[in-house]
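Student: Could we go through this structure together, step by step? I would like to see how each answer is reached.

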Amino acid sequence: MNAATTTDLRQVYGIGEVFANRIISARDKLGGFLLEDQLNDIWGLSLETQQRLWEHFVLDSTPIIKKQNINNITIAQLAQHYYVSTSLASKIVAIRTQKEHLSSWNDLAAIQQLDSVKKARLSLY
């Protein structure tokens, strides 16, 4: 999946130009998919279509991800991440500033935008 082109993806029933571009865009912003269920995060992509994709592709190449330290990253850097909006980045940095240091994702429990799935996704990167 991490090496698939839009042409490759469009060979799968249910994947047209729009979904192929969404998948490639998400993959590029993430630096690659680490988990199959990250396709759940592609807007409008049904579970049935995801299953068909995994019948054709695998996560055969694990991307090398350079994790970023949540205690040193700026709002602008955070907001560049696929899973983080500028609003969420601002809230994270505000809590980090208030606490002086974040020791775990649990320190961000007050942020409603940051559910357990998003925390799990962000912890990968």
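The questions below move from the overall fold to single residues and then to a pocket.

Student: Happy to start with the basics: how many helices and how many strands does the protein have?
Tutor: Keep in mind that this is a predicted model. Read along the sequence, the pattern is α-α-α-α-α-α. The count is therefore six helices and zero strands.

Student: Which element has the lowest mean pLDDT?
Tutor: For the protein as a whole the mean pLDDT is 91, and 100% of the residues reach 70 or more. Among the elements, helix α1 (residues 6–9) has the highest mean, 98. At the other end, with a mean of 83, is α6.

Student: What share of the contacts with a separation of 6 or more joins residues 24 or more positions apart?
Tutor: Some context first: the C-alpha atoms fill a box of roughly 50 × 25 × 20 Å along the principal axes. Of the 125 residues, 37% are buried. As for the contacts with a separation of 6 or more, the share from residues 24 or more positions apart is 55%.

Student: Is N71 buried or exposed?
Tutor: N71 sits in the loop between α3 (47–56) and α4. Its relative accessible area is 18%, and the cut-off for buried is under 20%. N71 therefore counts as buried.

Student: Which residue offers the backbone nitrogen that the side chain of N71 reaches?
Tutor: Leaving aside neighbours within four places in sequence, N71 is in contact with R96, H101 and L102. The side chain of N71 comes to 2.6 Å from a backbone nitrogen, and that nitrogen belongs to L102.

Student: And E100, is that residue buried or exposed?
Tutor: E100 lies in the loop between α5 (86–99) and α6. E100 is not a glycine, yet has a positive phi of about 75°. Its relative accessible area is 72%, and exposed means over 50%, so E100 is exposed.

Student: Now the largest pocket: which helices each supply at least two residues of its lining?
Tutor: The lining has 16 residues, with Q68, I70, W105, L122 and Y125 nearest the centre of the pocket. The helices that each supply at least two lining residues are α4 (75–79) and α6 (116–124).

Student: What volume does the largest pocket have?
Tutor: Good one to finish on! By class, its lining has eight nonpolar, seven polar and one charged residues. The volume of this pocket is about 270 Å³.

Note on methods. Residues are numbered from 1 along each chain as its sequence is written. This is a predicted model: local features need pLDDT of at least 70, side-chain atom pairs count only at pLDDT 80 or more; totals for chains, interfaces and linings use all residues. Side-chain values use heavy atoms; hydrogens and water are left out. On a 1 Å grid over the protein atoms alone, a cavity is a set of points where a 1.4 Å probe fits but cannot get out, and a pocket is an open set with protein on both sides within 12 Å along at least five of seven lines; lining residues have an atom within 4 Å of a point. Grid points are joined across faces, edges and corners, and a volume is the space filled by probe spheres set on the points. Helices (H or I, at least four residues) and strands (E, at least two) are DSSP runs, numbered from the N terminus. Ala, Val, Leu, Ile, Met, Phe, Trp, Tyr, Cys and Pro count as nonpolar, Asp, Glu, Lys and Arg as charged, and the others, Gly among them, as polar. pLDDT is the predictor's confidence in each residue, from 0 to 100. Buried means under 20% relative accessible area, exposed over 50%, partly exposed in between (1.4 Å probe, protein chains only). A polar contact is a pair of N or O atoms within 3.5 Å; within protein, one must be able to donate a hydrogen and the other to accept it, and residues adjacent in sequence count only if both atoms are side-chain atoms. Contact means heavy atoms within 4.5 Å.
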